[in-house]
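Hi everyone, thanks for making the time. I'd like to walk you through one protein today, so please have a look at what's on the screen.

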Amino acid sequence: MNFAAGGIATVADASLMMQLGVDGIFVGSGIFKSSNPEKLAKAIVEAVKNYDRPKSSLKSQKTSANP
């Protein structure tokens, strides 16, 4: 098993790690420091689930954008 952690703070970061072949990711402070942690967490989960579908990943990125 290969997990990525540290420096993952955006939907794009999470999606990229999955595309690079990791089995999972850990996201901590990237979510907690967000202005809307719940929204970002949900968007990252969607991006990880759909990392191989660019349109879904883009939708997750747009959904997570902070105001």
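Let me start with a question for the room: is Ser34 buried or exposed? Have a think while I say one thing about the source: this is a predicted model.

Right, here is the answer. Ser34 is buried, because its relative accessible area is 12% and the cut-off for buried is under 20%. If you want to find Ser34 on the screen, look in the loop that links helix H2, residues 29-32, to helix H3, residues 37-49. The side chain of Ser34 also has a partner there: one of its polar atoms lies 3.1 Å from the backbone nitrogen of Asn36.

Now compare that with another serine. Ser56 sits in helix H4, which covers residues 54-64. What does a relative accessibility of 25% make Ser56? Ser56 counts as partly exposed, because that class takes in whatever falls between under 20% for buried and over 50% for exposed. To give you a sense of where Ser56 is, take Phe3 as a reference: the two are 53 residues apart along the chain, and their C-alpha atoms are separated by 22 Å.

Let's step back to the whole fold. The protein has four helices and two strands, and reading from the N terminus the order is β-α-β-α-α-α. The radius of gyration is 11 Å, close to the 11 Å that the globule rule gives for 67 residues, so the protein is as compact as a globular protein of that length. Along the principal axes, the C-alpha trace spans about 35 × 25 × 15 Å. Of the 67 residues, 30% are buried.

How much of the contact network comes from residues 24 or more positions apart? Among contacts with a separation of 6 or more, such pairs account for 36%.

For a look at the contacts themselves, let's go to strand E2, residues 24-26. Ile25 belongs to this strand, and at 19% relative accessibility Ile25 counts as buried. Leaving out residues up to four places away in sequence, what does Ile25 touch? The list includes Phe3, Ala4 and Ile8, then Met17 and Met18, and also Ile44 and Val48. Gly6 is 19 residues from Ile25 along the chain, with 9.1 Å between their C-alpha atoms.

Phe26 is in strand E2 too. With the close sequence positions, up to four places away, again left out, Phe26 touches Phe3, Ala4, Ala5, Gly6 and Ile8. Leu40 is 14 residues from Phe26 in sequence, and the C-alpha to C-alpha distance is 14 Å.

Last, the surface. The accessible surface comes to about 4,500 Å², and carbon and sulfur atoms make up 58% of it. As for charge, there are 8 positive and 5 negative charges, and their mean positions are 9 Å apart.

That's my tour, and I'm happy to take questions.

Technical notes. Residues numbered from 1 in each chain as written. Predicted model: local features only at pLDDT ≥ 70, side-chain atom pairs only at ≥ 80, totals over all residues. Heavy atoms only, no water. Rg over C-alpha atoms; globule rule 2.2 N^0.38 Å. Buried < 20%, exposed > 50% of the residue type's maximum accessible area, 1.4 Å probe, protein only. Contact = heavy atoms within 4.5 Å. Areas by Shrake-Rupley, 256 points an atom, 1.4 Å probe, with all protein chains shown as cover. Lys, Arg positive; Asp, Glu negative; His and termini not counted. Charge placed at Lys NZ, Arg CZ, Asp CG, Glu CD. Polar contact = N/O pair within 3.5 Å; in protein donor to acceptor, adjacent residues only side chain to side chain.
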